[in-house]
Structures are given as structure tokens and as C-alpha cells.
Amino acid sequence: MAPHRKSRPPSPMGIRTPALATAALTSVALLSQTANASPSEEPRPSLEEVEKKVGDLYRQAETASEKYNAAKEKTTKQKKRVDTLLDDVARRTEKLNDAREELGTFAAAQYRTGAAAPDTASLLLADNPQDYFDQTQLMDRLTSRQKQSVDDYVTQQTATTEKRQEASESLETLTRTQSSLKTSKADVQRKLATARDLLSKLTTEEKARLAAIERQKQEEAQRKADELARQQAADAERRRQEAAQSTGTSTGTGSATGTSGPASTAKADKALAFARAQIGKPYVWGASGPGSYDCSGLTQAAWKAAGVTLPRTTWDQVKAGTTVSVNSAQPGDLVFFYDDISHVGIYIGDGMMIHAPKPGAYVREESIYYMPIHSVVRPA
């Protein structure tokens, strides 16, 4: 008879109730989703954040552009100086060689006559002829003509050495400025590339909303410009009436400030005529015409057309004239913007200016209140 086998109780781990089975499947699914999920993306910036970031990048690029303009101007001046010094060194070297040849002629003659040829030959090879004279009696054995030749040689060698040193130092300065020029250029390009990348990621709807924000800024700036125009007109009328009362006549129309004479007004008119002729031309950083401009390149070119030479950068242009109040601004005045004075436009009256705004834009008329005003300067 076969032995009796007792049945084993089921293992607790083997029990599968519907609730437990469902929980297990859910856990597996969640773990699988977690394992297969891609890394979480960074939160998308809001449209307002993008608008502010792009605006900041354009401002930073314009500041870098002004640094580029300054370095470029320095490079041009320094290169001219280096070229002049090198030409001078070449001329002096030629004179030094002539003096050396003449001394060589005397040395050969002295050698043939048994005179102090070794001393003269040593002079030609000496690093410092003056020290050599101090240590020898060579001058006592030379004729007056020979002494003059030696003096010429010493003078030419000293002057040539000094000019070579000056040229070397100028070359080092030029090299540093050229390095600064490259750094500023790369900085501009990097910031503009970042701005373009941000804008390229906007949807059609976001671009439309961004355009609406821009229109609101323009409208608010225009409202402030209209207020300034009314205030300036009222001030001019008041001055006209005061002048009429003091002279007993009502003739004349007055001016915005009463401080501009015919000569300066004529120059301002020429500058404005030139600026208006550039409307529609593209903004290109570092450009000063004739096909494109950056902000300070436009104002410099406009006043150059009026016979007034302005520096290249906004930081120098703001010092090239008389500072006046915004309410006293006259056509032709330069209006500077931002705390770092990184932008400039030319005032045309009624709170408006002509300026080269930013990359991707064109020379245009715009309210001076579109940007925070730093100061107003009258060049002439």
C-alpha cells in the first residue's frame, strides 16, 4: 500500500487576489513609464520674459558695438602711428648705414697709412659708440671731417635705436587694441545670436502678442512725445508774448529755446536733412554709412554733413557739446539713452527723433520716450 501523502498548504506568496494583482500591474506600468520617460525639459519662459531678455540682449549688443567702435577707431589711429614710426625707422636706418659707410672709408684709409684703424673698426662694431668714446682716445686721432662723421654716426644710431623702441611699443599697443576689437566683435555676435534663437522659438501666436506689446510701447512713447510738443509750443508762445511786450511789437514767432543763432540753426538743418535722407537704410552694428548705420554712426555722419566733426562713439559724442534739458531740446540736438549711454538719436522736434534703432530694424523716426533718456546735447 502506497504511503499516504499529506497535501501542502498553499504558499502565502502564491495567493493572488484581484486587488493585489491590479496593484502589482499598476506598479509595473508606472515603473516602466518612469524608466522610458525622457528627462524633464526646462520650463518654457513666458512671453514677457522673452521680450525682456531679447531687449536686454539688444542693449548689451549695442554697448558691445560701441566698444567695438572705440577699439576700431583706436586701431586705425595706432596703425597710422606705427606705419609712420616704421617709415621713420627705415629712413634713419638708411642714414645710419650712410654714416657707417663713411666711417668705414676712414677706417680703410687709416689702415693703409698705419693710423688708428683698429679703433675705428671697433667703433663700427660697438653696441654703444658713446661709451666707446668715453673709454678711448680715438677722437684725439681724428681730423675735423672724421670727427663730424663720427658725430653723425652716433646721432643716427641713438635716434634710430629710440625710434625702433618707440615703434616696438606702439606695435604692442596696437596688438592689444586689435585683441580688444576681436573680443568686442565676438561679444556682439554672441548676444545677437542668442536673441535670434529666442525669437525663433516663438509660436505664431506669441509673435503676434509680442508685436502687440511693441505697439503699446510705441503708443505710450508717442503720447509722451505729443505732451512734450504741446509744452514746447506753449513755452515758445509765452516767450513770444514776453518779447512782444518788452519791445512793444507783436511781430516774430520765437523759437523753442531762444538760444540758437542763425549759424547753428543752419548747421542743424543740414544735419537733419542728411538724417532724413537715410531713413529706411538698415541698422548694422559698427557701420557709419553710406549704405547702413549703427546709432552713433548715423549721428556722426549727419553732423559731418553739416561741417561738424563728432567722435565715433556715444560715450565721446555725449561730451562733444552743451548739455540742455529735454524741454529745451531743439532740432539737431543729440538725445542719449540708458544709464550706460549706449544709444543716441538726432532730435527733429515735437518729441521725435531719427535714429538707427537695433539689429533687424531700419533708420526711422520715433518718439524720444521709447527708451529711457539719459541727456540731450547740442553739438553746435
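Reader: Two strands pair if DSSP finds at least two bridges between them. So how many bridges join β3 to β4 here?

Author: Three, in this predicted model. Strand β3 covers residues 343–349, and the two strands run antiparallel.

Reader: Which residue in β4 does Tyr-347 stand opposite?

Author: Met-353.

Reader: What about the hairpin of β3 and β4? How many residues sit between the strands?

Author: Two. Asp-350 takes a positive phi there, near 55 degrees.

Reader: And the side chains of β4, buried or exposed?

Author: Met-352, Met-353, Ile-354 and His-355 are all buried. Met-352 and Ile-354 point one way, Met-353 and His-355 the other.

Reader: How many bridges join β4 to β5?

Author: Four, and that pair runs antiparallel too. His-355 has Arg-364 in β5 as its bridge partner.

Reader: Switching to pockets. How much space lies in the largest pocket?

Author: About 570 Å³. It has 28 lining residues, and the closest to its centre are Gly-55, Tyr-58, Lys-217, Lys-358 and Tyr-370.

Reader: Which elements give two or more residues to that lining?

Author: α2 (47–113), α5 (144–200), α6 (204–247) and β5 (364–367). α2 gives the most, 10 residues.

Reader: What is the lining by class?

Author: 14 nonpolar, four polar and 10 charged.

Reader: And the second largest pocket, how much space?

Author: About 210 Å³. Its lining includes Asn-69, Lys-72, Gln-300 and Arg-312.

Reader: Where does the largest share of that lining come from?

Author: α2, with four residues. By class, the second largest pocket has two nonpolar, six polar and three charged lining residues.

Key. Residues numbered from 1 in each chain as written. Predicted model: local features only at pLDDT ≥ 70, side-chain atom pairs only at ≥ 80, totals over all residues. Heavy atoms only, no water. 1 Å grid on protein atoms, 1.4 Å probe; cavity = no way out; pocket = protein on both sides within 12 Å on 5 of 7 lines; lining within 4 Å. Points joined across faces, edges and corners; volume = space filled by probe spheres on them. Nonpolar A, V, L, I, M, F, W, Y, C, P; charged D, E, K, R; others polar. Buried < 20%, exposed > 50% of the residue type's maximum accessible area, 1.4 Å probe, protein only.
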